[in-house]
Amino acid sequence: MTVFGIRLPGMSSLILWALLWEVVGHAGLTFFIPPLSEVFTTLFNVIGTPVFLKALSETGYAFAGGVLAAIVIGIPVGILMGKNRLIDEMLLPWVNIFLSAPLTALVPVLMVLFGFGMTSIIITTGLFAIWIIILNARAGVMQINRSMIEMARSFGATPLEAFFKIYFWAALPEILGGVRIGVIRAVKGVIIGQLLISIVGFGALFELYSSNFLMSHFWAVLIVLFALAFSISEFLAYLERRVAYYAAKR
Amino acid sequence: MAPQSAVSVRNVSKKYNDVEALRDLSLEFPRGQLTSLLGPSGCGKTTLLKIIAGLIPANSGEVEVNGIRVEGPGPDRAFVFQDFALLPWANVMRNVGFGLELRGIAKSEREAIAEKYISNVGLAGFERSFPHELSGGMRQRVGLARALAVDAQVLLLDEPFSAVDEQNRRKFQEDMLTLVQEERKTFIFVTHSIEEAVYVSDQIAVLLPRPSRVSEVIRPTSFRNKDAANIRRDPEYLDIVDRIWASLRNYVE
Amino acid sequence: MPRRSLILKLLSALIVFGAWEIAGRIPVSFAFPTFLESMQSLIVMTVDGTIFQAYAETLKPLVIGITISAFFGIGIGLWTGLSARFDWLFSPVFIVMQAAPLAALIPLLVMAYGIGLTSKVFVVCIMAMPVIVLNTSSAVRNTPASIKEMATSFLASDRDLILKIIIPAASPVIFSGLRLGISAGFIGAILAELKITPTGVGDIISYSRSIADYPSMYAAIFSIIALAVVFLNLLERLETFLFAGNNRGYASD
């Protein structure tokens, strides 16, 4: 939008919303919304405390573990599905099922199988991320121009060379797109996992703050979490745009 | 002497930010005839057509249709789009009658009119088909019927056959000649094909790019009344094609 | 060959359920019942009606939440898609909501609205709304420029433009946004039942886990996943059926 001929940057309206928050907070309309300034003061006090850092590192650990597993398993499975019709036909229905299934329902199963700990949270995170990564890697491989593969073969590329020099690169924009959506889902997965298995990470922290009615602490942690999630998704979108130039021209 | 003008373009200039698309362009379009705007890509011919249509405003200068200044789209002009611009969710009948629908004409009446033009363009029997079921050539016939149905005096055609295959294109060009004869309307026809322009036009305006200006206006004399099949063998036709190519070839990258 | 694909689907189902059965018989864990045991409890629960009562309870917040999200989500989406000002104001909020793990708001919602239906409806709404809003507004913004231009040239009013061009052109994407919203709503509804208060299917899951009746627990989870998948699949088929050809029919294909 433009005001007085000046183009306002895309996300600048968030400042307006922040001001509104501040006003609502000062007006004391509800106990649940403290002024934003108070939240930020709390934020700076909380951010260095061992409790917060422990929650952050536990969450980061579960998140990284889940995402790494989803990528390491997901991309090769997806490429394999794209290359082999039989494997594709056997696996695709399951991938589609789990893509749209409400995975929260599986968390209780993970809890009874793997205990109330980190393992269950990592698996939850991985489960949220992996299906879209598989599906995108598959789509990436399937759209590869046949003549590009034939070109590589006619110039004498071995299957392994073809895999690393053609398949991977040609499917890269789709693969990265899948990883981006997968990572966003993983952020949601790791939080959902921690809420249901609320003895570690931010889940435990939320439990602590809400049972003691520490509103500004609660919001401070939420803001950190939202900001982290948003930065991760924007960073991946940036990476995706870096390779998008050839996605359009293959 | 040239017949009376249906459309007059006077000293029109258009800038897109800092790029000058048209500079001080003037051109007369005779009533009841077909005028081609011919030129290399980027010479602003579509821009000029859309200014005449009232779809984009000019920075300076004026366009008059039948002596009335153009301020925006009007019922006196109808547009045929390069990419057909059909409604994918509407069948041929509704697409052809869409201009009439927007004018608030009752359904039974507009369907009767649409039906007539659908059969005029040779699509009788396809009234209930949807655009995705038609070939490119058939889709453009729908676009043409839609423009004819609103009965505007001036028809604006923006490279109407460029997305149509070669054989259909030739058929279209022949049909255009009959259409100009029968409909007694003023046609303004944008194309980048020299042969097409010379084949269908009463008057060819050759535009040169950056900034766009009219380099010459050619009015073929000898072959216009000949049989459609013999035009391409006429010496004057061949001469004009050669002459236009000679003046345009320097502008082709 | 539809036969081949069907056989392969059945085969792969057989392999997966077979593996489940074998893993349950070993057993890999005391908490891992066999496939047949789980299906048996599902049948028992179906026959005695427990499962239907549970679903009536579970679907209540889901249906209310989705209805609210659809109404406001499409409304706000249309609004932000049409007006640059509201786009600037509202879109960032929904973009952040879409990327953020909104589930973290649940403890707060419970504090504010208690453990009843209101909180659960809220959970469904915050999960479902962002994708509905963002899909609607981007669909509106991405209406093909050429058909908008066509409508303008045939004298469409702003109202015509919205009702006859923009909304029909956007409806496939709006519909798929709705489908994604429902998918997210399912996640929210189950999360609410597991986290806030065990009711409906969430109650069966929690209760049977606490008394170590694992077959019932697995059966309940199996049924809710199956229900969601089948329902979303039907919606997707409806979508393909309703909007067949809506995305085609342009010159570019």
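The domain assignment of chain B splits it into domain 1 (5–76 + 152–251) and domain 2 (89–151). Everything below refers to a predicted model, so please read it in that light. Welcome to a short tour of chain B, its neighbour chain C, and the places where the chains meet.

**The two domains of chain B**

- The centres of domain 1 of chain B and domain 2 of chain B, taken over C-alpha atoms, are separated by 25 Å.
- Where these domains touch, domain 1 of chain B supplies nine residues and domain 2 of chain B supplies six residues.
- On the side of domain 1 of chain B that touches domain 2 of chain B, the classes are seven nonpolar, one polar and one charged residues.

**Overall build of chain B**

- Chain B contains eight helices and 10 strands.
- How does the radius of gyration of chain B sit against that of a compact globule with 253 residues? The value for chain B is 18 Å, which agrees with the figure near 18 Å that a compact globule would have.
- The C-alpha trace of chain B spans about 50 × 45 × 35 Å along its principal axes.
- Of the 253 residues in chain B, 43% are buried.
- Taking contacts in chain B between residues at least 6 apart in sequence, 69% join residues at least 24 apart.

**The four-stranded sheet in chain B**

- Four strands of chain B form an open sheet in the order S2-S1-S4-S5, with antiparallel pairing.
- At the edges are S2 and strand S5 (68–69) of chain B, each of which pairs on one side only.
- Strand S1 (residues 5–16) of chain B runs antiparallel to strand S2 (residues 19–30) of chain B, and eight bridges join them.
- S1(B) and S2(B) make a hairpin with two residues between them, and B:Asn17 in the turn has a positive phi of about 50 degrees.
- On the other pairing of S1(B), five bridges link this strand to strand S4 (residues 60–65) of chain B, also in the antiparallel sense.
- Which residues stand opposite B:Val9 in S2(B) and in S4(B)? In S2(B) the partner is B:Leu27, and in S4(B) the partner is B:Val63.
- Another facing pair is B:Lys15 and B:Glu20, with B:Glu20 in S2(B).

**The largest nonpolar core**

- The largest nonpolar core has 210 residues, and those that touch the most other members are A:Ile133, B:Ile52, B:Ala145, B:Leu156, B:Ile188 and C:Ala128.
- Helix H8 (residues 158–195) of chain C gives the most to this core, contributing 17 residues.
- Why does this core lie between domain 1 (5–76 + 152–251) and domain 2 (89–151) of chain B? Both domains give residues to the core, so it lies between them.
- As background, nonpolar side chains in soluble globular proteins tend to be buried together.
- Leaving aside residues up to four places away in sequence, B:Leu156 touches B:Leu49, B:Ile52, B:Ala53, B:Arg77, B:Ala78, B:Phe79, B:Val80 and B:Ile188.
- Two of the residues that B:Leu156 touches, B:Ile52 and B:Ile188, are also among the core residues that touch the most other members.

**Overall build of chain C**

- Chain C has 10 helices and zero strands, and from the N terminus on its elements run α-α-α-α-α-α-α-α-α-α.
- Taken along the principal axes, the C-alpha atoms of chain C fill a box of roughly 70 × 55 × 30 Å.
- Buried residues account for 46% of the 253 residues in chain C.
- Among contacts in chain C between residues at least 6 apart in sequence, 73% join residues at least 24 apart.

**Where chain C meets its neighbours**

- Between chain B and chain C, 23 residues of chain B are in contact with 19 residues of chain C.
- Helix H3 (residues 98–102) of chain B gives the most to the side of chain B that touches chain C, with three residues.
- That side of chain B comprises 18 nonpolar, three polar and two charged residues.
- The contact between chain C and chain A takes 42 residues from chain C and 41 residues from chain A.
- Elements giving two or more residues to the side of chain C that touches chain A include helix H1 (2–25), H8 and helix H10 (214–242) of chain C.
- By class, this side of chain C has 34 nonpolar, four polar and four charged residues.

How values were computed. Residues numbered from 1 in each chain as written. Chains lettered and ligands numbered in written order. Predicted model: local features only at pLDDT ≥ 70, side-chain atom pairs only at ≥ 80, totals over all residues. Rg over C-alpha atoms; globule rule 2.2 N^0.38 Å. Buried ≥ 20, exposed ≤ 12 C-beta atoms within 10 Å, placed from the backbone. Contact = placed C-beta atoms within 7 Å. Core = buried A, V, L, I, M, F, W, Y, C linked by C-beta atoms within 7 Å. Domains from an automatic or database assignment. Nonpolar A, V, L, I, M, F, W, Y, C, P; charged D, E, K, R; others polar. Pairing = 2+ DSSP bridges.
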